[in-house]
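Welcome! Here is a short briefing to read alongside the model, one topic at a time.

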Amino acid sequence: MKTRIIGLGNTILTDDGADSADVVESEVGGFDLMELMTGWDRVILLDSIQFDGVTPGTLLELDPQDLRTSLRIRSVHDIDLPTVLKLGRMMGLQMPAQVLIYAIQAEDAHTLGETMTPAVRQAMAKAVEVVLNRIEAS
């Protein structure tokens, strides 16, 4: 199975840089993300999140349908992940049959800094282990 790992985030915003996957690193979403996903059988996305009531450093596995909203949707020029997948397929692009999302609850995703908080750094190590195990199991 042809797999691409995409680490998302902004590496200068403390915990938003929780994306040290070295296959592809990107700060994009929407249509640009569609381009990164086209042609792969499986895509694994790694990103930080900010959900109310979740302990910083918590690693969650999400489904694309869980992400119907996006901070990036502020204009008609950007779209959320479920729409990226649907539109790509409607356009005849080879979109991945499987999309796995691993998200780490950020403690601080607003402060300028290139160092993750300890909770997120620890969760990042766990996320790498989980992703590698997932790939080996396939």
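## Lys 2 and its surroundings

Not counting residues within four places in sequence, Lys 2 is in contact with Gly 39, Trp 40, Asp 41 and Arg 42. Keep in mind as you look around that this is a predicted model. The bullets below stay with Lys 2 for a moment, then turn to other topics.

**More about Lys 2**

- You will find Lys 2 in the segment before S1.
- Is Lys 2 buried, partly exposed or exposed? Its relative accessibility is 44%, and a residue counts as buried under 20% and as exposed over 50%, so Lys 2 is partly exposed.
- The charged end of Lys 2 sits over the ring of Trp 40, at 5.1 Å from the centre of that ring.
- Lys 2 and Pro 96 are 94 residues apart along the chain, and their C-alpha atoms are separated by 9.2 Å.

**Asp 41, a contact of Lys 2**

- Asp 41 belongs to the loop between H1 and S3.
- With its side chain, Asp 41 reaches the backbone nitrogen of Lys 2 at 2.9 Å.
- Which residues does Asp 41 contact, leaving aside its neighbours within four places in sequence? They are Met 1, Lys 2, Gln 94, Pro 96, Ala 97 and Gln 98.
- Between the C-alpha atoms of Asp 41 and Gln 94 there are 8.2 Å, although the two residues are 53 residues apart along the chain.
- Asp 41 has a relative accessible area of 31%, so this residue counts as partly exposed.

**The chain as a whole**

- The chain contains three helices and five strands.
- Following the sequence, these elements come in the pattern β-β-α-β-β-α-β-α.
- Of the 138 residues in the chain, 43% count as buried.
- The accessible surface of the chain is about 7,700 Å², and carbon and sulfur atoms hold 52% of this area.
- Among contacts with a separation of 6 or more, 72% are between residues 24 or more positions apart.

**The nonpolar cores**

- In soluble globular proteins, nonpolar side chains tend to be buried together.
- The largest nonpolar core in this model has 18 residues, and Ile 6, Leu 33, Met 37, Leu 45 and Leu 81 touch the most other members.
- Which elements give two or more residues to this core? They are strand S1 (3-8), helix H1 (30-37), strand S3 (42-49), helix H2 (81-90) and strand S5 (98-105).
- H1 provides the largest share of this core, with four residues.
- Apart from this core lies another one of 13 residues, including Ile 5, Leu 59, Leu 100 and Met 124.
- Look also at Met 37: leaving out residues up to four places away in sequence, Met 37 touches Ile 6, Val 43, Leu 81, Val 84, Leu 85, Gln 94, Met 95, Pro 96 and Val 99.
- How many aromatic pairs are there? The count comes to zero.

**Pro 56, in another loop**

- Pro 56 has its place in the loop between S3 and strand S4 (59-62).
- Setting aside neighbours within four places in sequence, Pro 56 is in contact with Gln 105, Ala 106, Glu 107 and Ala 119.
- One of these contacts is Glu 107, and the C-alpha atoms of Pro 56 and Glu 107 are 4.9 Å apart in space, with their positions 51 residues apart in sequence as the separation.
- Pro 56 has 34% relative accessibility, so this proline counts as partly exposed.

Methods: Residues numbered from 1 in each chain as written. Predicted model: local features only at pLDDT ≥ 70, side-chain atom pairs only at ≥ 80, totals over all residues. Heavy atoms only, no water. Core = buried A, V, L, I, M, F, W, Y, C linked by side-chain atoms within 4.5 Å. Buried < 20%, exposed > 50% of the residue type's maximum accessible area, 1.4 Å probe, protein only. Contact = heavy atoms within 4.5 Å. Phe/Tyr/Trp six-rings, centres within 6.5 Å; stacked < 30°, edge-to-face > 60°. Lys NZ or Arg CZ within 6 Å of the ring centre and 35° of its normal. Polar contact = N/O pair within 3.5 Å; in protein donor to acceptor, adjacent residues only side chain to side chain. Areas by Shrake-Rupley, 256 points an atom, 1.4 Å probe, with all protein chains shown as cover.
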